[in-house]
Amino acid sequence: MDEREKKTFDFAGDVTKQIITLSIGILTLCIAFTDKLLPSSASSNVWLMFVALFLFTVSILCGILTLLKLTGNLAKNPTMKNKDGSPIYDCGTRLFSICQLSAFSLAIIFSMSFIGCSLCNKQQTNVENEKVKSRPPQLKNNSSGKDNKTKFINDKSNILNDNKQ
């Protein structure tokens, strides 16, 4: 095996390890901050996060399988080459690598969609809360037709009268 093929295996392994590391890091952050992420979102958008977590897990598993396949290709017979000219382009290696990158890319898309939907829902909630806060308070009349101020004064005078007795 020449130096170029050795470097190719090294780079393929390094990229696979980096994707695994990123997937594990994002998965860990999502799990650690679940209490902050999920309550703020509408229940209709939670599925986006679960799909993203599943895809990150698939990416990790495919990355591990890619590394195992790369190792197997090297250990089997480094001089054996397939029709493409290098054992790194083995069908299994390419399949696992493509699955890893696809799952990782889709997981990122689903994660960003979830965050975008959560921010939109939070902004709508804030706008609705501001509308409620900007309304003037309304005093309701009690059943005897007196307004709340009169009722409060009467209640206070009743308390004072009870204390005197």
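Buried means under 20% relative accessible area, exposed means over 50%, and partly exposed is the range in between. With that in hand, welcome to a set of close-up views of a predicted model.

**Figure 1. Five helices make up the secondary structure of this protein.** Zero strands accompany the helices, and reading along the sequence gives the pattern α-α-α-α-α. Of the 165 residues, 24% count as buried. The views that follow look at individual residues and the partners they meet.

**Figure 2. Trp47 and Phe110 form an edge-to-face aromatic pair, one of two aromatic pairs in the structure.** The ring centres of Trp47 and Phe110 lie 6.2 Å apart, and the planes meet at 70 degrees. This pair links distant parts of the chain: Trp47 sits in helix H3 (residues 46-76) and Phe110 in helix H4 (residues 91-134), with their positions 63 residues apart in the numbering. How accessible is Trp47? Its relative accessible area is 48%, so Trp47 counts as partly exposed. Phe110 is also partly exposed, because its relative accessible area of 21% is not under the 20% cut-off for buried residues.

**Figure 3. Phe56 and Phe104 form an aromatic pair that is edge-to-face.** Here the rings are 5.9 Å apart, centre to centre, with 65 degrees between the planes. Phe56 belongs to helix H3 and Phe104 to helix H4, so to speak two distant parts of the chain, 48 residues apart, that the pair links. Are these two residues buried or exposed? Both Phe56 and Phe104 are buried.

**Figure 4. Arg94 of helix H4 and Leu70 are shown together.** The two residues are 24 apart in sequence, and their C-alpha atoms are 9.8 Å apart in space. Arg94 has a relative accessible area of 39%, which means that this residue is partly exposed.

**Figure 5. Cys117 of helix H4 is shown with Asn45.** Along the sequence, 72 residues separate Cys117 from Asn45, while the distance in space is 6.9 Å from C-alpha to C-alpha. Cys117 counts as partly exposed because its relative accessibility is 28%.

**Figure 6. Gln18 of helix H1 is shown with Gly63.** A stretch of 45 residues along the chain lies between the positions of Gln18 and Gly63, and their C-alpha atoms are separated by 9.4 Å. Is Gln18 buried or exposed? Its relative accessible area is 52%, so Gln18 is exposed.

**Figure 7. Leu61, Ile64, Leu65 and Leu68 make a nonpolar surface patch.** The patch covers about 370 Å². One of its members, Ile64, lies in helix H3. At 41% relative accessibility, Ile64 counts as partly exposed.

**Figure 8. Asp2, Glu3, Asp10 and Asp14 form a negative surface patch.** Where in the chain does Asp2 lie? Asp2 is found in the segment before helix H1 (3-32). With a relative accessible area of 44%, Asp2 is partly exposed.

How values were computed
Residues numbered from 1 in each chain as written. Predicted model: local features only at pLDDT ≥ 70, side-chain atom pairs only at ≥ 80, totals over all residues. Heavy atoms only, no water. Phe/Tyr/Trp six-rings, centres within 6.5 Å; stacked < 30°, edge-to-face > 60°. Helix = DSSP H or I, 4+ residues; strand = E, 2+ residues; numbered from the N terminus. Buried < 20%, exposed > 50% of the residue type's maximum accessible area, 1.4 Å probe, protein only. Patch = residues over 30% accessible without salt bridge, like charges linked within 9 Å, V, L, I, M, F, W, Y side chains within 5 Å. Areas by Shrake-Rupley, 256 points an atom, 1.4 Å probe, with all protein chains shown as cover. Salt bridge = Lys/Arg side-chain N within 4 Å of Asp/Glu carboxyl O. Lys, Arg positive; Asp, Glu negative; His and termini not counted. Charge placed at Lys NZ, Arg CZ, Asp CG, Glu CD.
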